Amino acid sequence: MRLVFAGTPEVAVPALDALIASERHEVAAVVTRPDAPAGRGRRTVASPVAERAEEAGIEVLKPARPRDEDFLARLREIAPDCCPVVAYGALLPRAALDIPPRGWVNLHFSLLPAWRGAAPVQHAIMAGDEVTGAATFLIEEGLDSGPVYGVVTEEIRPTDTSGDLLTRLAFAGAGLLAATMDGIEDGTLRAVPQPAEGVSLAPKITVEDARVDWSAPALRVDRVVRGCSPAPGAWTVFRGERLKLRQVALAPDRTGLAPGELSAGKNAVYAGTGSHAVELLWVQPQGKKPMAAADWARGVRIAAGERLGG
């Protein structure tokens, strides 16, 4: 098939690579979000998908809005058979959805209908799910509600961050998306409607969602830290300033600390929760780089009874 691939972040690049490598399909163009400021210098840069497409000599389209008539006209000229999508980052209007005869097929990082929305991997970890996966589905105008072509499953490991899990799903999902394109082309795949039961939503994680509640059980604290890593980053307050929590570990043998109460030894720092303590492993003070929690504790000289949480 003649394809136009839509995607933006690094997590979409493995799927683009898989389709470029396919001997059965031609990636005629790529659609991605416009160049945007990034990094400490806020320099305007192209998306990872745009950079990869340009390396491969593929035409790149960067509409400010997918409803823009110039973009729609160019898409009609390219005349794709199907448009695979991975984390594009903008809603597609009906005028765009109607152009490819075999539709737009999205790779979504959950086992639909669970975790429809922008942050399925983060929500799966924060909810304590043991298994997740990726699904390919035909895009409709509803939120991730279209019929499903195929799925792959992935175990969520006890120490997985959302970054760890998303990396594995990006590569597993790339193979799934390529296989879905093959099945659509040769007629061996049919999309199956999603069940009405089991729907859950995964909206974008806000800064407030990432704030640690020290009265919650240690398991919940650990899941929030892992689910919000690397972005937006779990955080708390210490001496009136924000402190990001990059990594913690469960410490079931450490009890007797009040929620948020700190206990610092020579090589370890613990914080109380609503159950047992967690050990702080890596933290990031406001305006500074991540550092080992023990080094941070030595620098701030934690007093007896001091707490996190403000």
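Gln-122 is buried in this predicted model, because its relative accessible area is 18% and a residue counts as buried when that value is under 20%. The residue has its place in helix 5, which covers residues 120–126. When residues up to four places away in sequence are left out, Gln-122 touches Ser-162, Ile-205, Gly-227 and Ala-231. Ser-162 also belongs to helix 6, which takes in residues 162–186, and helix 6 will return below.

It helps to set this one residue against the whole chain. The chain holds eight helices and 15 strands, and its C-alpha trace spans about 70 × 45 × 30 Å along the principal axes. Of the 310 residues in the chain, 49% are buried. If one takes the contacts between residues at least 6 apart in sequence, 65% of them join residues that are at least 24 apart.

A good part of the chain to follow next is an open sheet, in which seven strands are arranged in the order 5-2-1-6-7-8-9 with mixed pairing. Strand 5 (59–61) and strand 9 (148–155) are the edge strands, since each of them pairs on one side only. On average, and with direction ignored, neighbouring strands of this sheet are turned by 20 degrees against each other.

Within this sheet, strand 6 (residues 83–86) can be followed residue by residue. Strand 6 runs parallel to strand 1 (residues 2–7), and two bridges join them; Ala-6 stands opposite Val-85, while Gly-7 stands opposite Val-86. Strand 6 is also joined to strand 7 by three bridges, again with the two strands running parallel, and here Pro-84 stands opposite Val-105. From strand 6, Cys-83 and Val-85 point one way, whereas Pro-84 and Val-86 point the other way, and all of these residues are buried.

Several helices are in contact with these strands. Helix 2 (residues 48–55) packs on the sheet and touches strand 1, strand 2 (26–31) and strand 5, and its direction makes about 155 degrees with that of strand 5. Helix 6, already met through Ser-162, lies across strand 1, strand 6, strand 7 (104–108), strand 8 (131–138) and strand 9, and runs at about 155 degrees to strand 9. Helix 1 (residues 13–21) has Val-13, Pro-14, Ala-15, Leu-16 and Leu-19 as buried residues, and what covers them includes strand 1, strand 2, helix 2, strand 6 and helix 6.

Trp-104 offers a closer look at the surroundings of a single side chain in the sheet. This residue lies in strand 7, and it counts as buried because its relative accessible area is 1%, where the cut-off is under 20%. Leaving aside neighbours within four places in sequence, Trp-104 is in contact with Ala-6, Leu-75, Cys-83, Val-85, Leu-92, Ala-96, Leu-97, Phe-137, Leu-138 and Ile-139. One of these contacts can be described in more detail, as the backbone oxygen of Ala-96 lies 2.8 Å from a polar atom of the Trp-104 side chain. Another tryptophan, Trp-115, is 11 residues away along the chain, and the C-alpha atoms of Trp-104 and Trp-115 are separated by 20 Å.

Further along the chain comes strand 10 (residues 234–238), where Thr-236 is found. Thr-236 counts as buried because its relative accessibility is 1%. Its side chain makes a polar contact of 2.9 Å with the side chain of Trp-214. Apart from residues up to four places away in sequence, Thr-236 touches Trp-214, Glu-241, Arg-242, Leu-243, Leu-245, Leu-308 and Gly-309.

Strand 10 also takes part in the one aromatic pair that the structure holds. Phe-238 and Trp-296 form this pair in an edge-to-face arrangement, with 5.1 Å from centre to centre and 70 degrees between the planes. Because Phe-238 lies in strand 10 and Trp-296 in helix 8 (residues 293–300), the pair ties together parts that are 58 residues apart in sequence. Both Phe-238 and Trp-296 are buried.

Finally, two arginines are placed over aromatic rings. Arg-242, which was named among the residues that Thr-236 touches, lies over the face of Trp-235, at 3.9 Å from the ring centre. The charged end of Arg-254 sits over the ring of Tyr-270, 4.1 Å from its centre.

Conventions:
Residues are numbered from 1 along each chain as its sequence is written. This is a predicted model: local features need pLDDT of at least 70, side-chain atom pairs count only at pLDDT 80 or more; totals for chains, interfaces and linings use all residues. Side-chain values use heavy atoms; hydrogens and water are left out. Two strands pair if DSSP finds at least two bridges between them. Helices (H or I, at least four residues) and strands (E, at least two) are DSSP runs, numbered from the N terminus. Axes are lines fitted to C-alpha atoms, for helices over the stretch in contact, and angles run from 0 to 180 degrees between N-to-C directions. Contact means heavy atoms within 4.5 Å. Buried means under 20% relative accessible area, exposed over 50%, partly exposed in between (1.4 Å probe, protein chains only). A polar contact is a pair of N or O atoms within 3.5 Å; within protein, one must be able to donate a hydrogen and the other to accept it, and residues adjacent in sequence count only if both atoms are side-chain atoms. Rings of Phe, Tyr and Trp (its six-membered ring) pair if their centres lie within 6.5 Å; planes under 30 degrees apart count as stacked, over 60 as edge-to-face and the rest as tilted. A charge sits over a ring if NZ of Lys or CZ of Arg is within 6 Å of the ring centre and within 35 degrees of the ring normal.
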